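Reader: Could you take me through one part of this model up close, the place where the two chains meet? Start with how the partner chain is built, then go to the contact itself.

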Amino acid sequence: MASTREIQREPIVTDDLSIYRGSWVAVRDGQVVADAIDPVELRDKPEVREDDVIFLVPTESGKTLML
Amino acid sequence: MAQPFSIAYRALVPGDIPRPILGMQVTGINGRSGIIFGIVDSGADTSAFPFGYASLMGYTAQTLTPETYQQVGGTGTAFRALTASQAVVPEIPTVTVPILPLLVQGAQTALWGRMDFMTYFDVAIYEAEQRFTITPR
């Protein structure tokens, strides 16, 4: 049987994101480098690099999720 | 036999409930690419993203069509991509998943769904161990 390989072990973000809830953030090495309400406005900011991770910070904190 | 890849549950926001979240490199129809973190969700028929990703991926009114979706809380209208984007797990570059994501206004989190992502990867959830595995088919 093929051995299992662990991947993606790093935390996605190490910064406190609570002040960004409802906004889009650009994250590099686990830290927020920029934020904006609109994702395209965020992507086009000069401090945001092409390889930064961009995502929406959920408005709700750790509640049970029903999809 | 294909090699399984194991991923520990993580929280998108520190302090939130850890979930089976996977980062995939997604290339939109505009050729731009970036990592999208989504929950691996067997309850999602297809992959679905918060609507804001539409413009980042190059989707416009010409490449989206309205679609009614159903969830536990009722139904809503979202927009289905008409042209496929590509998604790749960075550590498994040999497998490219074509996706026609559902772009949902008000959605908070991306979902990797069953009829696209899980056609290319077998998924096992180990809730007691707070991890999951994906195995290329």
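Author: Chain B has a radius of gyration of 15 Å, which agrees with the value near 14 Å for a compact globule of 137 residues (taken over C-alpha atoms, with the globule rule being 2.2 Å times the number of residues to the power 0.38). Bear in mind that this is a predicted model: local features need pLDDT of at least 70, side-chain atom pairs count only at pLDDT 80 or more, and totals for chains, interfaces and linings use all residues. Residues are numbered from 1 along each chain as its sequence is written, while chains are lettered from A and ligands numbered from 1 in the order in which they are written.

The C-alpha trace of chain B spans about 40 × 35 × 25 Å along its principal axes. You'll find two helices and 12 strands in chain B (DSSP runs numbered from the N terminus, H or I of at least four residues for helices and E of at least two for strands). In sequence order they go β-β-β-β-α-β-β-β-β-β-β-α-β-β. Of the 137 residues in chain B, 36% are buried; that label takes 20 or more other C-beta atoms within 10 Å of a residue's own, exposed takes 12 or fewer, partly exposed is in between, and C-beta atoms are placed from the backbone. Take the contacts in chain B with a separation of 6 or more: 56% of them link residues 24 or more positions apart. A contact here is a pair of C-beta atoms, placed from the backbone, within 7 Å.

Now for the meeting place. On the chain A side 30 residues are in contact with 34 residues of chain B. Within chain A, β1 (5-6), α1 (39-43) and β4 (53-56) each supply at least two residues of that side, and β4(A) gives the most, with four. By class, the chain A side has 18 nonpolar, seven polar and five charged residues (Ala, Val, Leu, Ile, Met, Phe, Trp, Tyr, Cys and Pro count as nonpolar, Asp, Glu, Lys and Arg as charged, and the others, Gly among them, as polar).

The chains also share a sheet. β1(A) is joined by two bridges to strand β1 of chain B (residues 5-8), and the two run parallel; strands count as paired if DSSP finds at least two bridges between them. Arg5(A) stands opposite Phe5(B) in β1(B). The whole thing is an open sheet of four strands, ordered β1(A)-β1(B)-β12(B)-β11(B), with mixed pairing. Its edges are β1 of chain A and β11 (121-126) of chain B, each pairing on one side only.

Just past that strand, Gln8(A) is in the loop between β1 and β2 (24-28) of chain A. Gln8(A) has a positive phi of about 50° although it is not a glycine, and it's partly exposed because 18 other C-beta atoms lie within 10 Å.

Last, the nonpolar side of things. The largest nonpolar core has 47 residues, and Val25(A), Leu22(B), Ala48(B), Phe49(B), Tyr53(B) and Leu103(B) touch the most other members. Such a core is a set of buried Ala, Val, Leu, Ile, Met, Phe, Trp, Tyr and Cys residues joined through C-beta atoms within 7 Å. Leaving aside residues up to four places away in sequence, Tyr53(B) touches Ile36(B) and Leu103(B). With that same exclusion, Val25(A) is among the residues touched by Asp35(A), which is in strand β3 (residues 31-36) of chain A.

How values were computed. Contact = placed C-beta atoms within 7 Å.
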